[in-house]
Structure formats: structure tokens, C-alpha cells
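Visitor: Please walk me through this model one question at a time.

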Amino acid sequence: MYYKHLVKYLLMLTLLVGIAASTSNEEKASAFSNQIIQIGAVGDDVIELQARLQYLGFYHGKIDGVFGWGTYWALRNFQSEFGMPIDGLAGAATKQKLVNASKYDKALVKKNVDQGKSFTYYGGTPKEQQVKNDQPKQQQTAQKQASPSKPSAVNMPNGYSQNDIQLMANAVYGEARGEPYVGQVAVAAVILNRVNSPSFPNTISGVIFEPRAFTAVADGQIWLTPNETAKKAVIDAINGWDPTGNAIYYFNPNTATSAWIWSRPQVKQIGKHIFCM
């Protein structure tokens, strides 16, 4: 009789543990809805996706609940870093990996989204330091010009994440690895000039992955592994070196097929690239 009760007790304990584990998994999976989140999607699932990607340092755009190209490429980068199939879709496996790797303060994020504010959501950053009111881009640019910071040789310049620098290095290497060093700095400077221009997206990833903006993105050379020269060129540009004179376009006159680019006011030629406004 004793052994009978013991077996019954063990069976019940096993069942309860199984139910608890199942409930725990359901709670994890329920962080998102069951839908596959993909480009063009909008709503709370996208807000959570953007917030979790930003928490991990992959997404640097505004958390707005709109799955655009910036979110798409951030998700692909996350999938690549975490050894997952790279498809730019947030299916069940990708969502679970995000839930396991990040934290999501829904109340904080939704409050600031509803108030139209932009903010960081990085791990380890005190929440009281994350929220800021949006300023017009022209005002931000004017403040930068009025109070220029002294360039300093640092590995991680203020205001830029490791992902920003890596992505810029990829772009510089893909676009200008055959150019002289000053020409590589010039390409990095154009990316930064676009970020500071009201005519372009205001994030590094937004500028680089804007449709038809860079040949290296179109032909896949953006994903080549950059060398140290490309990374150094990015740091020099971030620290204030702009060989282009504030140019926001460049092209190779030997390969350019667009008649429009020839109509832009030209500033100078560096290596094989002509830089223009």
C-alpha cells in the first residue's frame, strides 16, 4: 500500500511539473501574438519587435510600430548574429529567441510611443536616462554646428553604437575598398551627412538601407567582411573629418548610368568618386 501511494504521488508531481513547464513556455511565447511579423506589418507586435531589437542594439530607428526597411535589416542582423535562418521574418523561433535574449517594458515603451517621443531601450541604461523629447532635425544640426565637439581618437564615439560603426564599415568596404584612404573616409562622411540632412533618414541603418541608395546594398557587397582600414575610416569620419565638404551624394563617372546624378552640383573628385550636393 505504501508503494502504491508513493507511485501515485510521484505521478502527480510529474504531472504538475509538466503543467508548470508548459505554462512557463506559453507565457514566453505569448510575449508576441501568433502572427508572423514581416515587412509592411503595423501594430503592437511591431512595437515589441522594434523595442527588443533596440534593447539588444540592432535597431536604431524610432519605435513606431511600422515594420519598414530599418526594422527588416535590424531583424536580419539579429538572426545572423544568433545563428538563425536569415529571412527578415519574425516567426515563432525568432520571436522566442528575442524573448529569451531581451527584456521588454511594455508600459514604458507604449507610454513614450503614445506621446510621440523617441528614446533608447538598451540593456543596462537607466530608464530615467532613456526618454527625451524629439527635436526638429534642423535644430539638432544647428546645435551641433554651434557647439562643435573636439575630435578625439576613441573606439566608441558618443552617440554611436557598435552596430552603427560595424554597419558603416561594411558600407565603406563594400562601396570604396579600392579607393585611397581619404576616399574611404569621404564615403563614411557622406553617410553621416545624410543622417544630418532633413532629406534623408536620421539613422545610420535608415540611410544605408534606403532603397536604391547604395550599390553595395543592391549587389550584396554590404555583407563582405570589412578590414581595419574601413573601420578606421568610419571612426575618423565620426570624429569630424569630412574630406567632401558636406557632400550628400557621390558617384563613379566611369560607371554611373543615371543622368540625374550628373545634374547635382559637384564639390570635388576624390579617387574615382565625384562628390556632390
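## Cavity, rings and strands

Visitor: Which helices each supply at least two residues of the lining of the largest cavity?
Guide: Lining residues have an atom within 4 Å of a cavity point, where a cavity is a set of points, on a 1 Å grid over the protein atoms alone, at which a 1.4 Å probe fits but cannot get out. Helices (H or I, at least four residues) and strands (E, at least two) are DSSP runs, numbered from the N terminus. Two helices meet your condition, α3 and α7.

Visitor: Before we go on, what kind of model is this, and which pLDDT limits apply?
Guide: Residues are numbered from 1 along each chain as its sequence is written, and side-chain values use heavy atoms, with hydrogens and water left out. The model is predicted, with totals for chains, interfaces and linings using all residues, local features needing pLDDT of at least 70, and side-chain atom pairs counting only at pLDDT 80 or more.

Visitor: About how much space lies in the largest cavity?
Guide: The structure holds one cavity of 30 Å³ or more. With grid points joined across faces, edges and corners, its volume is the space filled by probe spheres set on the points. For the largest cavity that comes to about 30 Å³.

Visitor: Which helix gives the most to the lining of that cavity?
Guide: The lining is made up of F58, G70, W73, A74, N77, N163, L167, S205 and F209. Helix α3 spans residues 69-81, and G70, W73, A74 and N77 appear in the lining. With four residues, the top contributor is α3.

Visitor: F209 is in that lining; which residue forms a stacked aromatic pair with F209?
Guide: A search of the whole structure finds eight aromatic pairs, with Phe, Tyr and Trp rings (six-membered for Trp) paired if their centres lie within 6.5 Å, and planes under 30 degrees apart stacked, over 60 edge-to-face and the rest tilted. In the stacked pair of F209, the centres are 6.1 Å apart and the planes differ by 25 degrees. F209 sits in the loop between α9 (204-208) and α10, and its partner, 14 residues away, in the loop between α10 and α11 (228-238). That partner is W223.

Visitor: Why is one side of some strands left without a neighbour in the open sheet, and which strands are they?
Guide: Three strands form this sheet in the order β3-β5-β4, with antiparallel pairing (two strands pair if DSSP finds at least two bridges between them). Two strands stand at the edges, each with a single partner strand, so one side of each has no neighbour in the sheet. They are β3 (249-251) and β4 (266-270).

Visitor: How many bridges join β4 and β5?
Guide: Strand β5 covers residues 273-276. Across the pairing, K268 stands opposite F275, and I270 stands opposite H273. The antiparallel pairing of β4 and β5 has a bridge count of four.

Visitor: Which residue takes a positive phi in the hairpin of β4 and β5?
Guide: Two residues lie between the strands of this hairpin. The positive phi is near 65 degrees, and it belongs to G271.

Definitions and conventions: On a 1 Å grid over the protein atoms alone, a cavity is a set of points where a 1.4 Å probe fits but cannot get out, and a pocket is an open set with protein on both sides within 12 Å along at least five of seven lines; lining residues have an atom within 4 Å of a point.
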